[in-house]
Amino acid sequence: MEDQEFRKLLVQVHNSLSQNEMLELVFLCSDILKKDLSDVVTARDLFSLLQKRDLLSSDDSSLLVELLKIIKRDQLIRDLQLNPQLSRSRVSPFRRMLFELSENISDDDLRNIKFLLNNTLPRRKLQQNVTVLQLFLEMEKRGYMSANNLGTLESITEPVCPSLKKIISLYQKENGSSVPEEMKGRDKSDSQDTSVTTRPDPPEDTAAYHQEEPPSYLSHPLCTEEHSSGNAVQEHVAHLRLSETRNLAEGDRNLSFPEPNQNNTPKLEQYDMSGDWRGFALIINNYDFSNCQELKNREGTDIDEKSLVAVLRWLGFEIVKRQDCNRESMLEALDELRRRDHTQADCVVCCVLTHGCEGGVQGVDGKTVLLRELMELLDGIHCPSLQQKPKLFFIQACQGVHEQQVVFLQSDGPNNTSDVEFFCDAEVPRESIPAGADYLVAMATVSGCVSFREKSKGSWFIQSLCKNLEQLVPSGIDLLSILTKVNNDMSKKADRTGTRKQMSKPEFTLTKRIVFPIPKTPMPP
């Protein structure tokens, strides 16, 4: 479909939606756009924002289809002859669950909920014209509710319509969301009060959103139980202390954190890896440093590249290789990766195999690129299609200049002169991860220590990484556990003298577990 035709289609959608439906779309997109959408007053405004973020285009209208499906406009999808099939969901399960609740809250229910929140939210936020979805957004903004904190939500919906709790409970089960016991209204048989503890109001810009897998609760039966009477609501108010906080005396048992029990252990969330392909894997492999007098060619690095290509392709990545890059070429390679469309990708991988100096990696011209320079090109600002998706960096490069003089060893830093079978890489800068979530940086070594690269077998770190990915991914082991196994392997390795050791180091700001889907075929030999 041509861009102009697609714009006409968006105008048709705009004209077909009511004001309430437009507000519903804005609510559903609040996680995706990660910004205050209170100034969005038309569907056209929303579509423009989505197009600027490359989330909606003539080539990919899947988000539009998903939104229309959620608000039950299937006939409009058919009228516009849009493809109703979705390869993945981009609206978060948390947002879907809240929308499902709103669909089953009547006007009378809403008045009762506002009454329950009378001492919690400002009165102007509880006026008659405030909708359920607007109320939910205000609760999130003020810190009374989030994807992993549903205690207050349960306490205000259960007395109004007990069946609503089924939708919340199913969401928690599907997404591993845990609610502290003290945040829940207790069963009467519990012989404990039903008070709800809340935290003080945080700044309004601290609400956090999470993109997660689509759950199955949307097909759950709707609320069919009779609504609670006004007296029941007022009785419940007597037990709620929404505007108070409770301080635990030193030594008191904190009931918000029950004793460890396998039955109540929360299930950790996982990044969505359900797409048809994992994404792009960029491998920058610098071998030829013949034009840089201070640095030797990186013998054995071709073995690392071959191993990485094999295992990453087996895992479902599309390989992009760049050989012998100078500083400018390395930045161009990352910028090119940034400009690619990652909308349908599950994550992105960048492997850098090169010499280095303290705080960065070096091009074949000897010029330094800071790790932060490489990584920031893929953040949510520079690459919106990678928002809330894992950005995985694997770095095999020297970060120091100190020579480790020993038989069979050679430094990847400058001034090395020994022509031997082994080579060594060195320390990690402590601030290698830029601000922002969803990064993982796996370095070959810890701060202040060397790492080793064997001329005939490749580097210890990359070879251990590839071996453990091949062995452990088919068992459903998550990536951080695999990297822990790599650490274990590295701790046991030594050079021929037994005096040179190495420990790899992963750093991360991941918010969920990374579990690669099990490949359908064994990895080719």
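In strand β3 (residues 348-354), Cys350 is the bridge partner of Leu282. This contact belongs to a set of 5 bridges that join strand β1 to β3, the two strands running parallel. The model is a predicted one, in which local features need pLDDT of at least 70, side-chain atom pairs count only at pLDDT 80 or more, and totals for chains, interfaces and linings use all residues. Residues are numbered from 1 along each chain as its sequence is written, and side-chain values use heavy atoms, with hydrogens and water left out. Helices (H or I, at least four residues) and strands (E, at least two) are DSSP runs, numbered from the N terminus, and two strands count as paired if DSSP finds at least two bridges between them.

Strand β1 (residues 279-285) also pairs with strand β2 (residues 317-323), in the parallel sense and over 7 bridges. Within that pairing, Ala281 stands opposite Ile319 of β2. Strand β1 is mostly covered, with 7 of its 7 residues buried; buried means under 20% relative accessible area, exposed over 50% and partly exposed in between, for a 1.4 Å probe and protein chains only.

The wider sheet is open and consists of 6 strands in the order β2-β1-β3-β7-β9-β12, with mixed pairing. Its edge strands are β2 and β12 (505-508), each of which pairs on one side only. Neighbouring strands of this sheet are turned by 15° against each other on average, direction ignored. Axes are lines fitted to C-alpha atoms, for helices over the stretch in contact, and angles run from 0 to 180 degrees between N-to-C directions. Strand β9 (residues 439-443) and β12 run antiparallel and are joined by 4 bridges; there, Ala442 has Pro506 of β12 as its bridge partner.

Two helices accompany the strands around β1. Together with β1 and β2, helix α12 (residues 301-314) makes a right-handed β-α-β unit: with the strands pointing away from the viewer, the path from the first strand over the helix to the second runs clockwise. Helix α13 (residues 327-339) lies across β1, β2 and β3 and runs at about 175° to β1, where contact means heavy atoms within 4.5 Å.

Elsewhere in the chain, helix α8 (residues 132-141) is mostly covered, 7 of its 10 residues being buried. These are Val132, Leu133, Leu135, Phe136, Glu138, Met139 and Glu140. The buried residues of α8 pack against α2 (19-33), α6 (93-103), α7 (107-116) and α9 (151-157). After α8 comes Gly143, which has a positive phi near 85°.
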